[in-house]
Every structure is written in C-alpha cells, then in structure tokens.
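Work through the exercises below with the sequence and the model open. Each task is followed by a solution in steps.

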Amino acid sequence: MKGLGALAVFSLLLLMSAVSTKAYFNTTALSTTVFLTNSTTAHVVEGIELYVSNSSLGTYTQDRQAFNLSLSNWQKATGSPFLTEHILNPYSSISNFTFLPGPIVSANNSGGYASLTMSYYVSNVTSEANIAPRQFEYSLNPDVFNFLHTASGQALPANARLTLIVPNGTRIVGVYPAPDFPLPSAAGNYTGTQFAWYSGEPLQNFQFSYIITQTPQQEVMSFFSDIYDHYAALLYLLLLLFLVAVAVYAYNRFFK
C-alpha cells in the first residue's frame with residue numbers, strides 16, 4: 001500500500017510538472033486601424049498584444065525565428081482567436097499581406113508580452129459616388145467586418161478597438177453608432193481624422209460616410225489616371241504602331 005501511495009504521489013507530481021511546463025499564450029488586446037483614402041481600397045493595420053508565460057518564452061522565440069511559419073501556423077501555436085483578418089472583402093482576397101511577430105518584453109519574471117502586427121490592403125471597403133464637381137462621397141461597406149459574431153450581429157470583442165482614419169480635409173457626413181472618440185463639437189459635428197470604437201460596440205448597423213473635395217490639380221491627375229486605367233492596352237498598341245512606323249520609315253530612308 002505504501003508503494004502504491006508513493007507511486008500515486010509521484011504520478012501527481014509528474015502531472016503537475018507537465019501542466020506547469022505546458023505552453024501558455026493569452027491575447028490581451030486587439031487594435032484594428034483602417035486607413036481610408038480617396039479610393040475604395042483601404043490599408044488595414046492590426047496589432048495583437050500577446051501574453052507569453054515563462055514556460056512558453058522559448059517556444060515563442062523559436063516560432064518567431066522560423067520565418068516560414070504562416071498565419072494559420074501562428075493561430076494554432078498561440079490558440080488566439082484574434083489572429084485573423086478582421087476587415088475582409090467578401091468578393092475578393094486581400095493583397096500585400098505582411099505579418100510581424102515582435103520581440104518579447106519581460107513582465108518582471110512573470111513571462112512577457114509580445115506585439116503581433118498584421119498589415120494588408122482590402123478593396124471595395126467603401127463605395128464611391130460623385131455628388132458634385134470635384135466632390136466624392138465615400139460610404140463604408142459594413143459587410144467587410146469580420147469581428148465577433150453574436151445572436152444580434154457582429155460586435156467588437158472585449159479588449160478590442162476599431163479605428164478609422166480619413167484623409168486631411170475630409171468632411172464627415174454620417175456616423176453610427178457614435179464613436180467613443182472623439183466627442184462631437186457643440187454643433188453635433190465631428191472633426192479630425194481619427195474615429196475610434198471600443199470593446200463591446202455592436203456593429204450590425206454600422207454606418208460611416210465622408211466627403212472628399214478634390215483640388216483642381218487632383219481632378220486633372222484623376223482624369224488622366226482614369227484614362228490610363230481604361231485605355232492602357234489601346235495606348236500601348238498605339239505606341240507600338242508608332243514605333244513600328246518609325247522603324248519602317250528609318251529602314252526605307254537609310255537602307256533603300
């Protein structure tokens with residue numbers, strides 16, 4: 001009986017040792033920043049704060065040095081639900097995706113914290129309407145959100161923040177729900193370029209629209225850019241025909 005008791009105690013200690021050395025990660029915060037522009041494509045930067053236990057420091061460092069790990073590998077390694085793109089175009093893929101796991105910052109011998117950063121571009125985040133000469137209204141497409149799904153629709157998870165950044169000189173014409181930052185002016189209007197919503201905010205009826213007025217120079221550049229986008233193939237063909245004509249002329253002029 002004494003032998004069985006000793007064996008049971010030894011097994012319990014071994015089990016406790018295995019549990020204590022098990023890798024442990026915990027995501028403590030999510031920040032999703034969307035840079036809106038005078039086009040329908042947006043640049044998204046997401047930051048995830050990850051707590052790493054003492055027993056997991058080596059595992060994290062080893063994974064960080066393995067540059068061939070994909071985002072799905074990191075999802076499995078950390079078990080973090082935040083390690084996914086939270087702004088998505090349902091009709092096309094993202095582009096220029098980069099993922100950067102940062103170094104660990106020590107937390108007084110109680111493990112440490114690391115910042116994981118995702119950066120990517122998403123098309124059709126907004127819709128565009130030409131409402132007046134040199135004036136364009138952009139409206140955010142709420143279908144691009146990929147946050148926490150609840151019974152009443154999507155919502156920001158706990159310890160999450162959504163920030164929209166618009167270009168300088170932008171006029172905000174519609175916001176719902178009201179952002180947590182900044183507060184509206186005395187007239188009820190919003191000014192500035194950054195608008196943030198904090199954890200728990202419901203997103204099912206989210207609305208955000210703004211107007212950008214182009215300068216005359218921007219209008220001219222946009223005009224020629226549109227021509228190039230629509231007639232690039234034809235322009236290249238005309239250039240090729242011109243070069244062929246020059247070559248034929250030179251041959252007939254100098255070699256005949």
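**Exercise 1.** Which elements do the buried residues of helix 3 pack against? Find these residues and describe how they are placed on the helix.

Solution. The model is predicted, and every value below is computed from it.
- Step 1: apply the cut-off for burial, under 20% relative accessible area. In helix 3, Leu71, Trp74 and Thr78 are buried.
- Step 2: look down the axis of helix 3. The buried residues fall within an arc of 55°, so they line one face of the helix.
- Step 3: list the packing partners. The buried residues of helix 3 pack against strand 1, strand 2, strand 3, strand 4 and helix 2.
- Step 4: check what comes after the helix. Gly79 follows helix 3 and has a positive phi, near 65°.

**Exercise 2.** Give the strand order of the open sheet of 6 strands, and explain why strand 3 and strand 11 stand at the edges.

Solution.
- Step 1: trace the order, which is 3-4-2-1-9-11, with mixed pairing.
- Step 2: consider the ends of that order. Strand 3 (95-106) and strand 11 (194-197) each have a single partner strand, so one side of each has no neighbour in the sheet.
- Step 3: compare directions of neighbouring strands. On average they are turned by 15° against each other, direction ignored.
- Step 4: examine one pair. Strand 3 and strand 4 (residues 112-122) run antiparallel and are joined by 8 bridges. One of the residue pairs is Val105 with Tyr113, the latter being the bridge partner in strand 4.

**Exercise 3.** What angles do helix 2 and helix 3 make with strand 3?

Solution.
- Step 1: take helix 2 (residues 57-65), which packs on the sheet and touches strand 1 (25-35), strand 2 (42-52), strand 3 and strand 4. The direction of helix 2 makes about 145° with that of strand 3.
- Step 2: take helix 3 (residues 71-78), which also packs on the sheet, touching strand 1, strand 2, strand 3 and strand 4. The direction of helix 3 makes about 35° with that of strand 3.

**Exercise 4.** Where are the cis peptide bonds that precede Pro177 and Pro182, and what are their omega values?

Solution.
- Step 1: recall that most peptide bonds are trans.
- Step 2: read omega. The cis bond between Tyr176 and Pro177 has an omega of about -10°. For the cis bond between Phe181 and Pro182, omega is about -5°.
- Step 3: place the prolines. Pro177 is in the loop between strand 10 (171-176) and strand 11, and Pro182 is in the loop between strand 10 and strand 11.

**Exercise 5.** Asn96 and Asn124 have a positive phi. Are they buried, partly exposed or exposed?

Solution.
- Step 1: recall that most residues other than glycine have a negative phi.
- Step 2: take Asn96, which lies in strand 3 and has a phi of about 55°. Its relative accessibility is 57%, so Asn96 counts as exposed.
- Step 3: take Asn124, in the loop between strand 4 and strand 5 (126-132). Its phi is near 60°. At 41% relative accessibility, Asn124 counts as partly exposed.

**Exercise 6.** Which stretches of the chain have a pLDDT below 50?

Solution.
- Step 1: start from the whole chain. The mean pLDDT is 82, and 83% of the residues reach 70 or more.
- Step 2: locate the stretches. The pLDDT is below 50 over residues 1-22, which have 4 contacts beyond near neighbours in sequence. Residues 218-225 are also below 50, with 4 such contacts.
- Step 3: draw the consequence. Where pLDDT is low, predicted coordinates should not be read in detail.

Terms used. Residues numbered from 1 in each chain as written. Predicted model: local features only at pLDDT ≥ 70, side-chain atom pairs only at ≥ 80, totals over all residues. Heavy atoms only, no water. Pairing = 2+ DSSP bridges. Helix = DSSP H or I, 4+ residues; strand = E, 2+ residues; numbered from the N terminus. Axes fitted to C-alpha atoms, helices over the stretch in contact; angles between N-to-C directions. Contact = heavy atoms within 4.5 Å. Buried < 20%, exposed > 50% of the residue type's maximum accessible area, 1.4 Å probe, protein only. pLDDT = per-residue confidence, 0-100. Arc of directions from axis to C-beta.
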